[in-house]
Amino acid sequence: MAGPPTVYEYYTDGGVSEGLKAEKRDFTLNKKVISLHSGSIHYFRVHPQYWRDRLRKLRAAGFVAVETYVPWNLHEPYDGVFDFGDGGEDMSPFLDIRTFLRIAKEEDLLAILRPGPYICAEWEFGGLPSWLLKDPTIKVRTNDAKYMAKVERYFNRLLPILKNYQFSTGEGPIIAFQVENEYGNTKEVDKETDIAHLVALKGMFEKAGLQELYFTSDTPSKGKEYGAIRGVLEVANFNVNASVELDILKTFQPDKAAMVMEFWTGWFDHWGESHHGMSLQDFKTVLEDILKYPSGVNFYMFHGGTTFGFMNGGNVYKSFPYFLPDISSYDYDAPLTEAGDYTEKYDATCELLEKYQKVALKKVDRPSETKKVAHPPLSSPHFIDWNTLLMQVNKQDIEILQQPVYMEQLKVNQGSGQNYGYIVYRKQNQPLNPGSTLKITGTIKGSAIVVVDNTLKSHPLNSIQDFHNFGYWCTEPANNTLDLQVQQSSTSTVDVIIENWSRNNYGKLSTDFNQCRGLEASQINIDGQTVEDFIIYALQFKGEWVNSLSGWSPTTNILEGPVFLKFTLEIDEPVDTFLDMRGWGKGIVFINGFNIGRYSSIGPIRTLFAPAPLFVKGPNQICVFEHFKSSAQLKFSDNLIFENAAETFNVDL
């Protein structure tokens with residue numbers, strides 16, 4: 001006997017006459033019953049050299065499909081500039097969605113696509129491009145004409161790509177498309193949701209020739225049908241009370257197959273909070289309740305991966321701390337770890353999916369885990385002090401203005417504004433005297449540190465309670481004054497540095513999507529006087545610029561920040577590793593110019609994942625931009641390290 005067929009052998013046998021349908025109790029694909037078991041893997045959170053490994057591990061667990069979002073802010077990084085893998089940006093290698101879909105098919109997986117334009121995903125601004133914020137009159141995620149014109153231009157580039165990878169055409173793996181994302185959660189008291197927006201997006205899909213199954217997703221008990229479109233399948237998102245949620249879903253569409261598009265297999269973490277997760281027993285209980293209902297299921301996440309660079313999102317709170325950014329690890333306590341390793345949840349998944357699989361399909365051998373290593377610690381780095389670093393900012397990233405403006409309003413990036421990183425407001429020749437203070441009035445859009453004559457004046461961030469002190473978005477006005485610690489009268493250079501720690505990725509349209517970062521006019525005061533005439537630097541930390549830096553000096557000392565340090569790691573074989581950032585303050589890390597993410601002493605995570613493909617045989621440059629105070633060594637680990645922070649803040653997500 002030849003044995004069971006592959007997914008594609010079974011569902012394409014005799015030719016393809018129709019795609020995925022949900023017309024009865026069971027899903028059918030090409031008129032054959034399918035157990036729709038899928039897992040989320042975001043191609044933009046996994047190094048492309050690991051795409052095949054992660055997809056094969058998905059198939060080996062018994063899944064028949066992979067699900068992914070599509071991040072608009074990466075695929076159109078600047079207004080009218082598109083990138084599908086060849087844009088020359090730091091993240092460009094992660095954006096070849098064609099290759100990802102091709103590999104998925106080669107690994108015998110179908111695909112579910114969620115193109116946005118908004119995706120949430122704990123991703124910076126929910127996947128929306130920050131350059132939309134240049135125009136304060138644009139109303140994102142609505143049928144606003146200005147917003148929809150930008151969406152249509154983007155979709156005119158994206159959707160033709162997806163059209164060519166549809167299952168029904170015989171060209172590719174895609175069997176379903178989501179219209180926007182969790183739109184029911186935009187519902188506000190005494191306001192109707194903008195369903196016309198969803199209908200218009202659906203119309204763009206249809207115009208582009210997308211003919212697979214369309215769906216919308218919400219938590220039935222919360223989002224109800226506020227984000228539903230007539231004639232489009234509704235699916236559910238949750239991690240508790242499976243039968244209750246699925247029963248509610250059935251009342252919405254009694255004659256349709258049930259699907260849980262987001263079975264939350266764990267949870268994500270914010271900086272300063274305790275580490276989240278989902279116990280193995282709860283995971284197994286909820287999953288089996290879903291499968292025996294019966295319902296299709298998509299694991300969110302199957303493999304979370306890493307939010308590299310500055311791409312982490314954040315969440316708005318109704319009370320202190322009012323906003324919290326997400327950590328760079330998107331491990332999610334998922335069945336496959338951030339580094340692609342197997343867990344007890346993976347083993348449980350294999351058992352349960354096999355138990356409830358309605359069709360016998362060819363099994364795939366479980367791939368080996370990738371090698372992990374903890375390199376010996378590095379010491380005696382070279383460094384660039386703050387002023388030397390700032391003096392190397394490219395001329396096109398510098399503007400001279402009378403008053404501060406938000407980073408999105410700068411003319412950098414061919415007029416698109418500054419997306420990510422830090423914006424620096426430098427005031428030269430500022431008279432200071434003993435007792436001089438600096439005050440930032442109003443709300444800080446981001447987090448601030450202050451440097452005077454190349455010396456840090458801000459206090460370190462040691463716990464989430466320090467958000468009450470100078471420099472943060474939630475600081476009370478009375479506390480947003482900083483003693484500049486001047487010993488004698490002088491004429492000084494004062495730098496106010498605002499970090500875009502993240503933009504919110506979720507919430508209500510009327511309050512939570514005005515996400516400009518930096519300061520606006522008249523917010524900086526010294527000794528009671530509004531400061532004017534600034535040199536403004538867009539400190540973007542792009543990889544090419546990081547690699548071009550010069551003026552390094554050796555040191556064996558622990559250095560006060562802000563400072564940029566460079567360590568050299570000699571290796572014979574590139575392997576996966578983790579940087580152990582315990583003992584450091586706050587900052588970002590680069591491997592050979594690539595930004596692997598943020599670290600902070602407030603936890604809960606203490607490591608940064610550094611996948612093998614970022615390294616080369618021989619010398620490798622590891623650079624650290626530290627805000628407050630550097631460590632004496634750069635250490636490594638062969639695994640994730642979480643040390644729980646002291647606080648947990650409840651937010652209704």
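Here is a short walk through this chain, from its domains to the place where two of them touch. Keep in mind that the model is predicted.

Let's start with the layout. The domain assignment splits the chain into domain 1 (7-356), domain 2 (378-383 + 549-637) and domain 3 (393-539). UniProt, in an unreviewed entry, puts "domain: Glycoside hydrolase 35 catalytic" at residues 27-354. That span is 29% helix and 17% strand, and its end C-alpha atoms sit 17 Å apart. The unreviewed entry also lists "domain: Beta-galactosidase 1-like first all-beta" at residues 417-539. Here the make-up is 0% helix and 40% strand, with 12 Å between the end C-alpha atoms.

Now look at how domain 1 and domain 3 meet. Their C-alpha centres are 36 Å apart, and the contact draws on 43 residues from domain 1 and 33 residues from domain 3. About 3300 Å² is buried between the two, with carbon and sulfur atoms giving 57% of that area. The interface also has 21 residue pairs in polar contact and one salt bridge. On the domain 1 side, S12 gives the most to the surface touching domain 3, with four residues.

So where does strand S12 sit? You'll find S12 in an open sheet of three strands, ordered S13-S12-S22, with mixed pairing. At the edges are S13 (323-325) and S22 (503-504), each pairing on one side only. S12 (residues 313-316) runs antiparallel to S13 over three bridges, and Gly 314 stands opposite Pro 325 in S13.

One last pair to find is Glu 124 and Arg 503, which form a salt bridge with their closest N and O atoms 2.9 Å apart.

Technical notes. Residues numbered from 1 in each chain as written. Predicted model: local features only at pLDDT ≥ 70, side-chain atom pairs only at ≥ 80, totals over all residues. Heavy atoms only, no water. UniProt positions renumbered as here; feature names shortened; annotations may be inferred. Helix = DSSP H or I, 4+ residues; strand = E, 2+ residues; numbered from the N terminus. Pairing = 2+ DSSP bridges. Domains from an automatic or database assignment. Contact = heavy atoms within 4.5 Å. Buried area = accessible area lost by both parts, 1.4 Å probe. Salt bridge = Lys/Arg side-chain N within 4 Å of Asp/Glu carboxyl O. Polar contact = N/O pair within 3.5 Å; in protein donor to acceptor, adjacent residues only side chain to side chain.
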